[in-house]
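Good morning, colleagues. Please take a moment with the sequence and the structure before I begin.

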Amino acid sequence: MMAASTGSQVISLYRMMLKESKKFPSYNYRTYALRRVRDAFRANRKVEDPKTVERLIQEGQQSLALIQRQVSIGSMFKTQKMVVE
């Protein structure tokens with residue numbers, strides 16, 4: 001069982017990544033990012049080893065920073081809305 005603080009840290013990271021992913025101006029990037037975040041967390045849901053959990057949290061934080069950079073870059077360039085949007 002992982003420590004409560006680690007669990008809340010993971011949930012917080014997950015929510016932040018979803019929130020940031022929803023900011024992508026492009027529908028395709030937005031849906032791709034949301035799917036990747038959900039799939040990655042689902043795939044690693046059963047990880048128990050504290051070192052592995054810590055490594056995954058670090059990778060998640062790097063991914064969050066990447067998403068934030070990409071969202072800010074994407075917002076500089078307005079694209080036309082797709083039919084599905």
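Two residues are taken to be in contact when heavy atoms lie within 4.5 Å. I should also say at the outset that this is a predicted model.

Let me start with helix H3, which covers residues 50-76. Which of its residues are buried? They are Val 53, Ile 57, Gly 60, Leu 64, Ile 67 and Val 71. The cover over these buried residues of H3 includes helix H1, at 4-21, and helix H2, at 27-43.

The length of H3 can be checked as well. The helix has 27 residues, and at 1.5 Å a residue it should span 39 Å. Its end C-alpha atoms are 39 Å apart, so the expectation and the model agree.

I turn now to the open space. Rolling a probe the size of a water molecule over the atoms shows where empty space is left. The largest pocket has a volume of about 970 Å³, and 33 residues line it. Nearest its centre lie Met 17, Arg 36, Val 37, Ala 40 and Phe 41. H1, H2 and H3 are the elements that each give two or more residues to this lining. H3 provides the largest share, with eleven residues. By chemical class, the lining of the largest pocket consists of 22 nonpolar, seven polar and four charged residues.

Finally, the annotation. An unreviewed UniProt entry places the feature "domain: Complex 1 LYR protein" at residues 9-65. Over residues 9-65 the model is 81% helix and 0% strand, and the end C-alpha atoms of that stretch are 16 Å apart.

Conventions: Residues are numbered from 1 along each chain as its sequence is written. This is a predicted model: local features need pLDDT of at least 70, side-chain atom pairs count only at pLDDT 80 or more; totals for chains, interfaces and linings use all residues. Side-chain values use heavy atoms; hydrogens and water are left out. Helices (H or I, at least four residues) and strands (E, at least two) are DSSP runs, numbered from the N terminus. The expected span of a helix is 1.5 Å times one less than its number of residues. Buried means under 20% relative accessible area, exposed over 50%, partly exposed in between (1.4 Å probe, protein chains only). On a 1 Å grid over the protein atoms alone, a cavity is a set of points where a 1.4 Å probe fits but cannot get out, and a pocket is an open set with protein on both sides within 12 Å along at least five of seven lines; lining residues have an atom within 4 Å of a point. Grid points are joined across faces, edges and corners, and a volume is the space filled by probe spheres set on the points. Ala, Val, Leu, Ile, Met, Phe, Trp, Tyr, Cys and Pro count as nonpolar, Asp, Glu, Lys and Arg as charged, and the others, Gly among them, as polar. UniProt positions are given in the numbering used here, feature names are shortened, and annotations may be inferred rather than shown by experiment.
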